[in-house]
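This briefing is intended for a reader who is beginning to study protein structure. Please look at the sequence and the structure below before reading the points that follow.

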Amino acid sequence: MNLKPYSDLRSWQQKQECDEMFQAARDAGAVTLQRDKLNPKDGLIERIDLMDVQALARFLGRSTYVDQLAQTIGQLEPLKAEFPVILELIGRWTGMAKVRGLGPQDSGAWIDAAKTIRACAARSQDAIAAPVREFSARLFRDSKRIEALTPQLDILLSGSVEESPRAAAQVWQELGLFREEHPVLLAGHVHIARDRSTGLIDMPYMGLPAATIQGVASTVIEVITIENKTTFHSEAKRRQDDKVLLIYTAGMPSPAWRAMYGRLLGRLPPTTPINHWGDVDEGGFRIASTIAAVARAAGFSLQPYRMSPDDVPLEMRVRASARTLERIHHFACAAGWPELGQAMREAEFVAEQESLEPL
């Protein structure tokens with residue numbers, strides 16, 4: 001214990017008050033005291049040794065880390081089945097480690113984050129997009145509560161404590177919440193049917209509200225969804241005259257995007273190739289599995305595009321942990337790509353989509 005502030009005291013009264021507090025802690029069985037050997041009765045206390053953490057916590061009217069962790073584990077118990085990542089959090093906290101600076105002290109934030117995810121999932125298809133502050137005010141009577149829960153929401157949604165933090169807007173987007181609603185970006189020499197009009201996608205791309213897009217109204221030889229904006233812009237310029245429909249997912253697509261995607265696929269011949277180009281990492285394969293589920297419901301089998309380990313230059317490869325590789329394999333299998341998942345597990349690296357762009 002650092003006793004310099006105590007030893008620097010010049011007021012006899014302040015010293016007495018400190019001595020009385022230290023002695024009370026000693027009498028409570030929490031600490032032992034050592035005074036100046038030359039004046040063992042009234043001299044300065046030179047050393048304080050902790051003897052009983054629980055006794056010290058009781059003396060100070062505080063809870064210990066162990067007590068707080070036990071309380072939090074009990075409060076989060078109902079969430080474990082729905083959000084298995086809670087077990088990983090508890091494992092980290094048990095080892096005295098934090099996750100993104102978050103410890104076990106605020107169990108209420110995790111409970112509210114889970115409540116938010118459930119509430120968003122329960123909305124009808126007529127209400128699949130909502131301003132984040134309006135939704136927060138209705139759910140919590142606090143317009144900024146959901147924004148404060150962004151780290152917890154990101155972890156619960158991704159199901160991983162190892163995933164890199166996403167921007168807040170991307171987290172809210174996955175839930176169908178937004179601060180400012182963004183249009184869906186599409187590219188290619190393709191006619192799109194909308195609520196009020198049908199027309200050719202402009203060059204090199206066009207942004208349209210998801211809810212107004214009803215389907216494809218011309219020949220399409222291939223559909224490619226693209227996770228990364230830089231890659232989308234490059235491909236839009238390169239293939240703007242091709243009868244290929246390129247769609248930017250903006251990371252994890254929102255419920256409105258997914259509903260729009262399903263409508264687009266619903267008007268295509270069943271033999272149309274449906275591909276996805278995303279990051280070769282855990283997040284990228286989680287996004288792919290989500291899009292694959294929509295494609296599957298529309299009668300299509302989503303295929304990976306330039307997401308093989310062989311497509312990644314050596315200098316762009318980043319070594320991945322065993323846990324990350326297992327989760328990549330899990331999401332690849334969920335997307336219907338077990339062979340690719342196994343190849344990623346054996347390759348033992350990840351890479352971002354920009355590194356896979358054609359030169």
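In this predicted model, a search of the whole structure finds zero disulfides. A disulfide is a covalent bond between the sulfur atoms of two cysteines. The same kind of search, applied to salt bridges, finds 18.

**Cysteines**

- Cysteine 120 is buried, because its relative accessibility of 9% falls under the 20% cut-off.
- Cysteine 333 is partly exposed, with a relative accessible area of 34%.

**Salt bridges between distant parts of the chain**

- Glutamate 88 and arginine 323 form a salt bridge in which the closest N and O atoms are 2.4 Å apart.
- This pair links distant parts of the chain, since glutamate 88 belongs to helix α5 (residues 85–94) and arginine 323 to helix α14 (residues 322–335), 235 residues apart.
- Arginine 323 is partly exposed, at a relative accessible area of 35%.
- A salt bridge also joins aspartate 154 to arginine 100, with 2.7 Å between the closest N and O atoms.
- Aspartate 154 lies in helix α9 (residues 150–158) and arginine 100 in the loop between α5 and α6 (107–121), so this salt bridge ties together parts that are 54 residues apart in sequence.
- The two partners differ in exposure: aspartate 154 is buried, with a relative accessible area of 2%, whereas arginine 100 is partly exposed, at 28%.
- Both residues belong to a network of salt bridges that links Arg100, Asp154, Arg166, Glu174 and Arg286.

**A salt bridge within one helix**

- Glutamate 235 forms a salt bridge with arginine 238, and the closest N and O atoms are 2.9 Å apart.
- Both residues lie in helix α11 (residues 229–238), three residues apart, which is about one turn of the helix.
- An α-helix has 3.6 residues a turn, so residues three or four places apart point the same way.
- Glutamate 235 counts as buried, at 2% relative accessibility.

**Helix α13**

- Helix α13 (residues 282–297) has 16 residues and reaches 23 Å from its first C-alpha to its last, close to the expected 22 Å.
- This helix is mostly covered, as twelve of its 16 residues are buried.
- Among the buried residues of α13 are Phe285, Ile287, Ile291 and Val294.
- Arg286, a member of the salt-bridge network, is also one of the buried residues of α13.
- Aspartate 281 caps the N-terminal end of α13, with a side-chain oxygen 3.3 Å from the backbone nitrogen of glycine 283.
- Just after α13, glycine 299 takes a positive phi of about 95°.

Technical notes:
Residues numbered from 1 in each chain as written. Predicted model: local features only at pLDDT ≥ 70, side-chain atom pairs only at ≥ 80, totals over all residues. Heavy atoms only, no water. Salt bridge = Lys/Arg side-chain N within 4 Å of Asp/Glu carboxyl O. Helix = DSSP H or I, 4+ residues; strand = E, 2+ residues; numbered from the N terminus. Buried < 20%, exposed > 50% of the residue type's maximum accessible area, 1.4 Å probe, protein only. Disulfide = S-S within 2.5 Å. Expected span 1.5 Å × (residues − 1). Polar contact = N/O pair within 3.5 Å; in protein donor to acceptor, adjacent residues only side chain to side chain.
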